[in-house]
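The exercises below concern a predicted model of a protein with a ligand. Each task is followed by a solution in steps.

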Amino acid sequence: MQEHSIIQLEEIGSSDIGYLSFFESCKDIPFAINRIYFTYAVPENGHRGMHAHKKLQQVLWCPFGSIEVLVHDGNSQTSYKLDTPSKLLYIDSGLWRDIFWLKSSKFLIVAASDYYKEDDYIRNFDEFKLMANKGYWRNGGI
Ligand code: TYD
């Protein structure tokens, strides 16, 4: 099954001096980062995402706002809330994501395993479900 989970980052510091958190390629997250991108100035109740990736892995990080991410594996859906800087959401390839801005948010930052490639996107949910249920990702994406 394609993996998706919250990664809780270490928080170094105290309430007196503030905190520092970090994540490192292939250590705290399961891939090497090749690209960072971010969305911003999305209005409250904004809805983005609505796609899956054939190969790309990502972590989503929402340091200021409050975002709900619905992750669908072709059969069932899991809801995640990102509302603290010390939490990342890891999303493997082969998972559909819907992202909702619960508040008008400053930034959703994404670290991705590869450069931008439009042909890695699946933007049609029925097509995604068919691929997931036919075992596209179980068979190594062939
Ligand atoms: P998309 O990934 O669909 O954004 P969201 O899921 O937030 O709605 O990308 C929106 C547009 O931006 C689309 O035309 C592709 C383009 N884009 C790039 O050119 N480079 C990138 O790194 C990304 C993520 C998107």
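**Exercise 1. Find which polar atoms of R48, G49 and Y121 lie by oxygen atoms of the ligand, and at what distances.**

Step 1. Start with R48: one of its polar side-chain atoms is 2.8 Å from an oxygen atom of the ligand.

Step 2. For G49, a polar backbone atom is 3.2 Å from a ligand oxygen atom.

Step 3. Y121 has a polar side-chain atom 2.6 Å from an oxygen atom of the ligand. With a cut-off of 3.5 Å for N or O pairs, the pairs at R48, G49 and Y121 are polar contacts.

Step 4. On its own the ligand has 530 Å² of accessible area, and the protein covers 62% of this.

**Exercise 2. List the residues around the ligand and sort them by class.**

Step 1. The ligand is surrounded by R35, Y37, T39, R48, G49, H51, Y116, Y121 and R123.

Step 2. This shell consists of 3 nonpolar, 3 polar and 3 charged residues.

Step 3. Two or more shell residues come from each of the elements β4 (35-42) and β5 (47-53).

**Exercise 3. Give the strand order of the open sheet that contains β5, and name the edge strands.**

Step 1. The sheet has 5 strands, and their order is β8-β7-β10-β5-β12. Their pairing is antiparallel.

Step 2. The edge strands are β8 (77-82) and β12 (121-122), each of which pairs on one side only.

Step 3. Between β5 and β12 there are 2 bridges. A52 has I122 in β12 as its bridge partner.

**Exercise 4. Locate A41 and N45, and state whether each is buried or exposed.**

Step 1. Most residues other than glycine have a negative phi. A41, however, has a positive phi near 55°, and N45 has a positive phi near 70°.

Step 2. A41 belongs to strand β4, whereas N45 is in the loop between β4 and β5.

Step 3. The cut-off for exposed is over 50% relative accessible area. A41 is exposed because its value is 62%. N45 also counts as exposed, because its relative accessibility is 63%.

**Exercise 5. Count the disulfides, then classify C26 and C62 as buried or exposed.**

Step 1. A disulfide requires two cysteine sulfur atoms within 2.5 Å. The count by this rule is 0 disulfides.

Step 2. C26 has a relative accessible area of 53%, so C26 is exposed.

Step 3. Buried means under 20%. The value for C62 is 1%, so C62 is buried.

Definitions and conventions:
Residues numbered from 1 in each chain as written. Predicted model: local features only at pLDDT ≥ 70, side-chain atom pairs only at ≥ 80, totals over all residues. Heavy atoms only, no water. Near = heavy atom within 4 Å. Polar contact = N/O pair within 3.5 Å; in protein donor to acceptor, adjacent residues only side chain to side chain. Areas by Shrake-Rupley, 256 points an atom, 1.4 Å probe, with all protein chains shown as cover. Helix = DSSP H or I, 4+ residues; strand = E, 2+ residues; numbered from the N terminus. Nonpolar A, V, L, I, M, F, W, Y, C, P; charged D, E, K, R; others polar. Buried < 20%, exposed > 50% of the residue type's maximum accessible area, 1.4 Å probe, protein only. Pairing = 2+ DSSP bridges.
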